[in-house]
Amino acid sequence: MRKPFLDNARGSLVLLVIVYHAFYLLNSVGVIRNVDIAGIPAFDTLLAFVYPWFMTALFAIAGAGARYALERKGGKAFLRAKLRRVLLPSIAGIFLVGWIGGFVTLQYQPALFGDAPMPGFVRYIVLCLTGIGPLWFLHELFLCDLAVLLLRRLDRRDALGRLGERAGLPALLLLTAAVFLSAQVLNTPVMEVYRNGIYILCFLLGHEVLCHERVQTLLVRAAPALVAAAVVLCAAFAALHYGESYCTMSVLRSPLACSCAWIGTLAVFAGFGRWANRETCFTRHMRQNGFAYYVLHLPLMLLCALALDRALHAPAIVIYPALLVLEALLLPPLAALLRRIPVLRTLLLGL
């Protein structure tokens with residue numbers, strides 16, 4: 001079941017992730033990054049505005065897509081596809097491109113790797129693990145895929161899906177409380193990006209609730225109000241945490257952050273369903289290339305940032321737009337080249 005608005009939403013969010021990382025690399029609020037380049041504090045407002053909701057929206061979209069794929073393929077074929085398209089790139093990517101992030105980090109923060117000599121293979125492994133970058137999303141996504149397969153075995157009659165299909169707008173808004181509770185649990189220490197509770201719940205809500213035509217119609221009707229509410233909430237979040245780290249666990253567990261996450265997710269479904277529910281050249285391009293862009297964009301961006309800073313000594317005001325321009329120029333041909341290399345296209349893209 002092809003939903004153009006979901007394809008457009010997914011593709012747009014992948015591009016937003018790329019824009020986010022161009023600003024994140026120069027953040028001034030202490031969020032861990034690979035480079036040490038002084039940025040412009042005012043630009044951190046964009047990071048705080050989008051961070052609470054853009055990944056929860058991606059998980060919800062993936063959850064809705066999982067239902068359509070399961071209805072079309074069945075559980076066994078679905079699992080085989082996810083092993084190839086999600087798990088394999090999530091592991092192989094660490095060792096094929098992850099070392100780039102570790103290498104760039106080493107140029108700026110050599111103390112992180114210690115002074116003691118280590119064998120070359122061990123150093124390579126350390127560099128790879130340091131540069132996991134956006135591959136965490138694929139790790140989390142595969143965990144969500146396993147969770148939904150388990151849920152379908154327990155709920156063979158799809159009682160939850162039928163219940164979700166009957167949800168009205170008040171019920172959808174009240175799910176903010178469930179999202180808040182999920183944000184309090186299953187968060188990994190140290191690697192705080194793995195927020196298992198909230199991401200698995202948003203994936204399951206996409207699978208059980210947001211995938212239904214009736215619910216999507218309700219959201220489309222309420223699109224102006226939902227988008228306005230999301231903008232106000234996220235602006236309040238960005239203003240409240242201006243100059244602070246917006247992604248510490250204490251901040252992300254707050255009622256305001258969780259409200260931004262869920263209302264922002266609903267606004268994505270509503271807004272794209274109302275104003276971008278048609279297939280275009282952008283839809284087809286991102287459907288074919290979006291995964292490659294997601295996997296490759298940060299290693300490429302890190303190399304560009306290193307060159308701009310260390311070789312050209314460019315100021316921050318130049319680095320921000322330069323990173324986006326270089327991504328726009330270099331990422332499409334790089335993705336096209338990778339798609340034509342037999343072994344790498346399988347390992348990195350699952351093709």
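This note goes through the fold, the core, one helix and the cysteines of a predicted model.

1. Basis. Local features need pLDDT of at least 70 and side-chain atom pairs count only at pLDDT 80 or more, while totals for chains, interfaces and linings use all residues. Residues are numbered from 1 along each chain as its sequence is written, and side-chain values use heavy atoms, with hydrogens and water left out.

2. Overall fold. The protein has 16 helices and zero strands; these are DSSP runs (helices H or I, at least four residues; strands E, at least two), numbered from the N terminus. The C-alpha trace spans about 60 × 45 × 40 Å along its principal axes. The radius of gyration is 20 Å, in agreement with the value near 20 Å for a compact globule of 351 residues. That radius is taken over C-alpha atoms, and the globule rule is 2.2 Å times the number of residues to the power 0.38.

3. Burial and contacts. Of the 351 residues, 52% are buried, meaning under 20% relative accessible area (exposed is over 50%, partly exposed in between; 1.4 Å probe, protein chains only). Among contacts (heavy atoms within 4.5 Å) with a separation of 6 or more, 81% join residues 24 or more positions apart.

4. Core. The largest nonpolar core contains 119 residues, and L25, L210, Y246 and L323 have the most contacts inside it. Helix 2 supplies the largest share of this core, 18 residues. Such a core is a set of buried Ala, Val, Leu, Ile, Met, Phe, Trp, Tyr and Cys residues joined through side-chain atoms within 4.5 Å. Beyond its neighbours within four places in sequence, L323 touches A22, L25, L26, M301, C304, A305 and L308.

5. Helix 6. This helix covers residues 136-154, and its end C-alpha atoms are 27 Å apart, which agrees with the 27 Å expected for 19 residues at 1.5 Å a residue. The expected span is 1.5 Å times one less than the number of residues. Its buried residues include W136, F137, E140 and D145. Among the elements covering the buried residues of helix 6 are helix 2 (44-73), helix 3 (75-96) and helix 14 (281-311).

6. Cysteines. A search of the whole structure finds zero disulfides, a disulfide being a pair of cysteine sulfur atoms within 2.5 Å. C258 is in no disulfide, and the nearest cysteine sulfur, that of C260, is 9.1 Å away. Why is C260 not bonded to C234? The sulfur of C234 is the closest cysteine sulfur to that of C260, but at 4.0 Å it is too far for a bond. C258 counts as buried at 1% relative accessibility, and C260 counts as buried at 1%.
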